[in-house]
Amino acid sequence: MTTFNNERLKTARLLAGLSLRQLEEALGSKVTHNSINKYEKGLMQPETGTILKLAEALHVTPAYFFEVNNIELGEIRFRKQSSLT
């Protein structure tokens with residue numbers, strides 16, 4: 001079973017340009033800013049209905065919150081010291 005990715009919630013909120021209180025207002029004050037903060041920190045897991053409301057307010061799909069952030073770094077190449085100025 002996939003789990004809620006709290007980092008994706010914070011990323012979506014910041015990309016939308018919303019503060020915790022502004023997101024609370026966008027949700028019609030049905031979820032407090034304290035709860036949203038706990039979701040972002042991974043201290044609480046939102047219920048299904050809350051995830052749907054968050055997705056709608058942040059203009060993302062509900063599946064967005066369950067994707068994993070993967071960043072792969074390739075081989076690191078350095079220039080020869082003699083060619084540096």
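# Asking the model why

Q: Where does Ser29 sit?
A: Ser29 is in the loop between H2 and H3. As a heads-up, this is a predicted model in which local features need pLDDT of at least 70, side-chain atom pairs count only at pLDDT 80 or more, and totals for chains, interfaces and linings use all residues. Residues are numbered from 1 along each chain as its sequence is written, and side-chain values use heavy atoms, leaving out hydrogens and water.

Q: Is the phi of Ser29 positive or negative?
A: Positive, at about 60°, although Ser29 is not a glycine. Most residues other than glycine have a negative phi.

Q: Which value does phi of His59 take, and where is His59 placed?
A: Phi of His59 is near 60°, again a positive value in a residue other than glycine. His59 belongs to the segment after H4.

Q: Why is His59 called exposed?
A: The relative accessible area of His59 is 72%. The labels go like this: buried means under 20%, exposed means over 50%, and partly exposed is anything in between (1.4 Å probe, protein chains only). His59 is over the upper cut-off, so exposed is the word.

Q: How do you know how many helices and strands the protein chain has?
A: Helices are DSSP runs of H or I with at least four residues, strands are E runs of at least two, and numbering starts at the N terminus. The protein chain comes out with four helices and zero strands, in the order α-α-α-α from the N terminus on.

Q: How does the radius of gyration of the protein chain compare with that of a compact globule of 85 residues?
A: The globule would be near 12 Å, but the protein chain has 18 Å. The radius is taken over C-alpha atoms, and the globule rule is 2.2 Å times the number of residues to the power 0.38. Taken along the principal axes, the C-alpha atoms fill a box of roughly 65 × 30 × 25 Å.

Q: What makes a group of residues a nonpolar core, and which residues have the most contacts inside the largest one?
A: A nonpolar core is a set of buried Ala, Val, Leu, Ile, Met, Phe, Trp, Tyr and Cys residues joined through side-chain atoms within 4.5 Å. The largest one here has 16 residues, with Leu9, Leu23, Leu27, Ile36, Leu54, Leu58 and Phe65 having the most contacts inside it. Helix H1 (6-15), helix H2 (20-26), helix H3 (33-41) and helix H4 (48-58) each put in at least two residues. H4 gives the largest share of this core, five residues.

Q: Which residues does Leu23 touch?
A: Contact means heavy atoms within 4.5 Å. Not counting residues up to four places away in sequence, Leu23 touches Arg13, Leu18, Ile36, Leu54, Ala57 and Leu58.

Q: What share of the contacts with a separation of 6 or more comes from residues 24 or more positions apart?
A: In the protein chain, that share is 58%.

Q: Why does Gly17 count as it does, exposed or buried?
A: Gly17 has 53% relative accessibility, which makes it exposed. Gly17 lies in the loop between H1 and H2. Its C-alpha is 9.6 Å from that of Leu58, with their positions 41 residues apart in sequence counting as the separation.

Q: Why is Thr11 called partly exposed?
A: Thr11 has a relative accessible area of 36%, so it falls between the two cut-offs. Thr11 is in helix H1, and its C-alpha is 9.2 Å from that of Glu40, 29 residues apart along the chain.

Q: Why does Asn69 count as partly exposed?
A: Its relative accessibility is 36%, so the in-between label applies. Asn69 is in the segment after H4 and touches Asn5, Glu7 and Arg8, not counting residues up to four places away in sequence. Asn69 and Leu52 are 17 residues apart in sequence and 20 Å apart, C-alpha to C-alpha.

Q: What about Met44: why is it partly exposed?
A: Its relative accessible area is 30%, so Met44 also lands in the middle class. Met44 is in the loop between H3 and H4. Leaving aside residues up to four places away in sequence, Met44 touches Ser35, Lys38 and Tyr39.
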